[in-house]
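Grab a viewer and work through the exercises below. Try each task yourself before you read its solution.

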Amino acid sequence: RLLKMEEFFPESFRLDVEDERNAFFKLCKEEQIWICKPSGSNQGRGIFLLKIPAAVNILQAKLGSTKKYLLNKNMSYQAPQPQIVQRYIHQPLLLEGKKFDVRSYLLIACTAPYVLFFAHGYVRLTCVNYDVASDDLTVHLTNQYMQKKNSLYNQLKDETIWGMEHLNSYVNEKFRQTKGLPKDWVFTVFTKRMQQIALQCFLAAKHKLDRKLGYFDLIGCDFLIDENFKVWFLEMNSNPALHTNCKVLREIIPAVVFESL
């Protein structure tokens, strides 16, 4: 079944496409939170939050004035760096008060014919408790590169990564009865949903892939669960981080690499 984007992907706009950029600035008038991300980057670089109308107005003026200035000077205008602005999910499910997301893997093992594999990854948590009003990006972004900027990281490093078994046990214990979830929700409902979404994204992009024997790629897929246990797809990453800088990653990453090869 083909999924509708709004079923799994937060409302998003490309700021380097004029029609989408104008649609976003027309929509974004009242106070709400958006997250702006550059395309083709990683480790949280260039990400910022738009939390107040004034910040949106500054961004709009910046994008507009650059084009106007260059055209007035008869200089060639290049579209801004591809970036998207995405509605921020401000009520995420929390683990012990901390925001988290889940990194899973999609292996495109072959493109002639197409052969795909899904693999579980791990859970990435923040060092400190979640506060939607905070301006500290380490409260909002869960990747290890960003968490290293928090002064508590060295002390809490091993607590910022959970294995999927740990997440499954936690959800069984804390939420199964209160939310009416089936046993092992993580390895049944959640896993199936991640696979559906990853497949949908592959189908949307496969026409861009070169088809040749020997071509393959390992993709990092990031998912977020909100407080109502709805699964949201955040992004896909080529060249996903394969560092083993904490205990859980030393157990998970070598197996992912070995099985991929």
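**Exercise 1. Decide whether Arg124 is buried or exposed, and find out which acidic side chain it pairs with.**

Solution. Keep in mind that this is a predicted model.

- Step 1: burial. Arg124 has a relative accessibility of 8%, so it counts as buried, given that the cut-off for buried is under 20%.
- Step 2: partner. The side chain of Arg124 meets that of Asp222 in a salt bridge, with N to O at 3.2 Å.
- Step 3: location. Arg124 sits in strand 7 (residues 114-125) and Asp222 in strand 9 (residues 217-225), so this pair ties together parts 98 residues apart in sequence.
- Step 4: the partner's surroundings. Asp222 shows 3% relative accessibility and therefore counts as buried too.
- Step 5: the wider picture. Arg124 and Asp222 belong to a network of salt bridges together with Asp101 and Arg103.

**Exercise 2. Lys99 is buried: what does its side chain pair up with, given that it has no salt bridge?**

Solution.

- Step 1: place it. Lys99 is part of strand 6 (residues 98-111).
- Step 2: look for an opposite charge. The nearest one is on the side chain of Asp101, 7.2 Å away. A salt bridge needs N and O within 4 Å, so Asp101 doesn't qualify as a partner for Lys99.
- Step 3: look for polar contacts. One joins the side chains of Lys99 and Tyr88 at 2.9 Å. The Lys99 side chain also reaches the backbone oxygen of His140, again at 2.9 Å.
- Step 4: check the neighbourhood. Skipping residues within four places in sequence, Lys99 is in contact with a list of residues including Tyr88, His140, Arg124, Tyr130 and Leu224.

**Exercise 3. Count the salt bridges in the structure, then work out what parts of the chain Glu7–Arg193 and Lys247–Glu251 each connect.**

Solution.

- Step 1: the total. There are seven salt bridges.
- Step 2: Glu7 with Arg193. Their side chains meet at 3.7 Å, N to O. Glu7 is in the segment before strand 1 (12-14) and Arg193 is in helix 8 (residues 189-205), so to speak distant parts of the chain, 186 residues apart. Glu7 has 23% relative accessibility, so it counts as partly exposed.
- Step 3: Lys247 with Glu251. The closest N and O atoms here are 3.2 Å apart. Both residues are in helix 9, and because they are four residues apart, about one helical turn separates them.

**Exercise 4. Describe the surroundings of Leu106.**

Solution.

- Step 1: Leu106 belongs to strand 6, and it is buried, with a relative accessible area of 5%.
- Step 2: its C-alpha lies 5.8 Å from that of Phe117, a residue 11 places away along the chain.
- Step 3: leaving out residues up to four places away in sequence, Leu106 touches several others, among them Leu116, Phe117, Phe202, Ile219, Cys221 and Met236.

**Exercise 5. Which residues form the nonpolar surface patch, and where is Leu242?**

Solution.

- Step 1: the patch is made of Phe216, Leu242, Val257 and Leu261, with about 410 Å² of accessible area together.
- Step 2: Leu242 is in the loop between strand 10 (231-238) and helix 9 (247-260). Its relative accessibility is 36%, so Leu242 counts as partly exposed.

**Exercise 6. Find the backbone oddities: where is a cis peptide bond, and which non-glycine residues have a positive phi?**

Solution.

- Step 1: know the baseline. Most residues other than glycine have a negative phi, and most peptide bonds are trans.
- Step 2: the cis bond. It runs from Ala112 to Pro113, with omega near 0 degrees. Pro113 is in the loop between strand 6 and strand 7.
- Step 3: positive phi. Asp184 has a phi of about 55 degrees; it lies in the loop between helix 7 (176-179) and helix 8, and is partly exposed at 26% relative accessible area. Asn239 also has a phi of about 55 degrees. Asn239 is in the loop between strand 10 and helix 9, and at 62% it is exposed.

**Exercise 7. Sum up the whole chain: how many helices and strands does it have, and what percentage of its residues are buried?**

Solution.

- Step 1: the chain has nine helices and 10 strands.
- Step 2: of its 261 residues, 44% are buried.
- Step 3: about 14,600 Å² is exposed, with carbon and sulfur atoms supplying 53% of that.

Methods
Residues numbered from 1 in each chain as written. Predicted model: local features only at pLDDT ≥ 70, side-chain atom pairs only at ≥ 80, totals over all residues. Heavy atoms only, no water. Patch = residues over 30% accessible without salt bridge, like charges linked within 9 Å, V, L, I, M, F, W, Y side chains within 5 Å. Areas by Shrake-Rupley, 256 points an atom, 1.4 Å probe, with all protein chains shown as cover. Helix = DSSP H or I, 4+ residues; strand = E, 2+ residues; numbered from the N terminus. Buried < 20%, exposed > 50% of the residue type's maximum accessible area, 1.4 Å probe, protein only. Lys, Arg positive; Asp, Glu negative; His and termini not counted. Polar contact = N/O pair within 3.5 Å; in protein donor to acceptor, adjacent residues only side chain to side chain. Contact = heavy atoms within 4.5 Å.
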